[in-house]
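Please look over the chain shown here. A short report on its fold follows.

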Amino acid sequence: DNGIPTTWQSNSGPAEVQYVEQPFTDDGGVQQVHVSLAPQSSTPGAVVVSFASSTQSDDAGVYYREDGDKEISFVSAKVTSYSHTTNENGGTYTSPYLYHALVEEVSTNCTLRYEPSLQSGQQPAELSRAVRVPPLASAFGGDPNQSMKLALIGDLGQTSNSMQTMDHLVQDEGIAALLVMGDLSYADNLDERWDNWGRLFEPVLDNTPLMALPGNHEIETDAKDGVSFRPYAHRFQNMPNCQNGCGGFDENGWKANMWHSFDLGSAHIIHVSSYHKYEPGSPQYMWLDRDLKAVDRRKTPWVFVNLHAPWYNSNVAHQGEYQSYDVRRVWQPLVCDSRVNIMFAGHVHSYERVLPTCDNTTVNSATGVTHINIGDGGNREGLYDYWLPGENGRAAPVWSAFREGSYGHGVLDIRNATHAYWTWHRNNDGEKMTRDTTWVVNQVAMEAAQEGQRGQDGGGGGGG
């Protein structure tokens with residue numbers, strides 16, 4: 001067996017991966033509030049407020065105003081619900097009513113105060129919740145040199161480790177959005193755990209925008225009709241105002257985006273699914289190709305592609321999965337030709353940073369893509385802390401820069417068009433500890449700046 005363990009779990013005790021249940025008494029009111037961003041060129045400050053309730057209402061929506069405004073406005077919410085038949089549910093589970101309100105009339109770079117409501121005619125005396133709307137994205141005319149912080153997590157779950165990860169995350173000030181690389185709740189066909197997850201993290205997610213993508217634990221195929229991804233799709237629409245062909249879920253008029261993209265700060269961020277068709281000619285492949293080619297790097301210097309199953313992984317776990325190696329074979333030419341800066345992934349319950357590469361063997365900081373695997377958010381299945389050796393006696397593959405089997409989260413601090421600072425914090429010490437940092441240099445923007453400088457240097461010459 002070459003000394004490779006047959007189990008992927010660490011020796012962590014059960015208490016470390018215990019499911020955390022949020023005490024809850026249903027009074028028929030609003031619960032499970034979370035916000036996401038939905039920027040478009042015509043509505044660059046758009047925000048989506050999502051919430052649940054056991055009460056059905058045709059008048060539900062969100063009251064809101066920007067800081068500094070006196071007038072309170074109201075926008076109606078779309079409502080959905082779903083049924084899910086699984087063995088784990090012991091039959092058929094019926095969800096609460098799930099409300100999603102797209103608030104489009106919002107400025108950028110402002111604080112939006114809001115309150116979800118089940119009644120349109122009962123304006124609250126006070127708007128108790130707030131979310132910070134980022135500055136105008138460079139894609140829509142904002143400054144390409146603007147700074148922005150993004151928090152990144154994969155495989156979060158709902159354990160004591162998950163709670164610690166989120167506790168550490170909120171200590172980071174100025175986070176524009178939280179990007180989750182799939183495997184959000186680990187409900188695993190027991191839908192009450194989706195409800196618990198929504199309540200558990202509401203204190204963070206009602207003020208920190210959540211931008212998600214599906215992992216394998218979101219598949220949750222219905223035992224009765226064979227439909228997959230239904231719980232995730234009804235709870236997380238992801239860019240409901242998308243106009244560029246994103247998609248992946250369309251059932252009885254309810255649409256949700258398993259793949260989509262959005263512009264934040266100076267970055268174009270693409271979320272794709274490792275668990276939908278990916279071959280040339282498939283809807284997702286054609287959309288990804290078009291989306292990458294549509295980015296104007298003069299306006300939007302940074303491009304990130306996020307998915308669940310990592311393309312580069314030196315952990316023992318999750319080797320030989322086609323969602324990793326074959327998706328990489330098909331999509332890597334698109335990603336590398338477009339000179340994507342970073343790809344983030346989850347799935348493997350550990351942390352690993354990969355040096356810029358495009359071919360599995362050569363590290364090339366000028367043309368390669370940096371890969372960062374952050375499937376260490378706090379899932380209930382435990383850590384994966386067994387690693388494969390590298391070539392010719394190396395301790396690790398030539399492209400593996402740092403790897404550790406610990407829970408944690410990362411922060412990407414984009415400083416300007418050319419440089420971003422990456423920090424990975426681990427949880428295992430009981431407090432947030434920085435374990436890995438690196439500068440990511442945007443070679444596309446560097447080359448553009450150098451070209452511009454050469455143009456200036458050569459543009460003023462006289463004809464003497």
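The report goes from the whole chain to two sheets and one helix.

This is a predicted model, in which local features need pLDDT of at least 70, side-chain atom pairs count only at pLDDT 80 or more, and totals for chains, interfaces and linings use all residues. Residues are numbered from 1 along each chain as its sequence is written, and side-chain values use heavy atoms, with hydrogens and water left out.

**Whole chain**

The chain holds 7 helices and 24 strands. Helices (H or I, at least four residues) and strands (E, at least two) are DSSP runs, numbered from the N terminus. The C-alpha trace spans about 75 × 70 × 45 Å along its principal axes. The radius of gyration is 22 Å, which agrees with the value near 23 Å for a compact globule of 464 residues. That radius is taken over C-alpha atoms, and the globule rule is 2.2 Å times the number of residues to the power 0.38.

Of the 464 residues, 57% count as buried. Buried means under 20% relative accessible area (1.4 Å probe, protein chains only). The exposed surface of the chain is about 18900 Å², with 45% supplied by carbon and sulfur atoms. Accessible areas come from the Shrake-Rupley method with a 1.4 Å probe. Among contacts (heavy atoms within 4.5 Å) with a separation of 6 or more, 69% link residues 24 or more positions apart.

**Two open sheets**

Two strands pair if DSSP finds at least two bridges between them. One open sheet has 4 strands in the order β1-β2-β8-β5, with antiparallel pairing. Its edge strands, β1 (31-37) and β5 (78-80), each pair on one side only. Neighbouring strands here are turned by 20 degrees against each other on average, direction ignored. Axes are lines fitted to C-alpha atoms.

Another open sheet has 6 strands in the order β13-β12-β11-β22-β23-β24, and its pairing is mixed. The edges are β13 (210-212) and β24 (433-441), each paired on one side only. The twist averages 20 degrees from one strand to the next.

One strand pair from each sheet is listed below.

| Strand pair | Sense | Bridges | Facing residues |
|---|---|---|---|
| β1 and β2 (residues 47-53) | antiparallel | 5 bridges | V35 and V49 |
| β23 (residues 419-426) and β24 | antiparallel | 8 bridges | W424 and D436 |

**Helix α5**

Which residues of helix α5 (residues 283-293) are buried? They are Q284, Y285, W287, L288, D289, D291 and L292. These buried residues pack against three strands, β15 (254-264), β16 (267-271) and β17 (302-306), and against helix α6 (322-337).

Definitions and conventions
Buried means under 20% relative accessible area, exposed over 50%, partly exposed in between (1.4 Å probe, protein chains only). Axes are lines fitted to C-alpha atoms, for helices over the stretch in contact, and angles run from 0 to 180 degrees between N-to-C directions.
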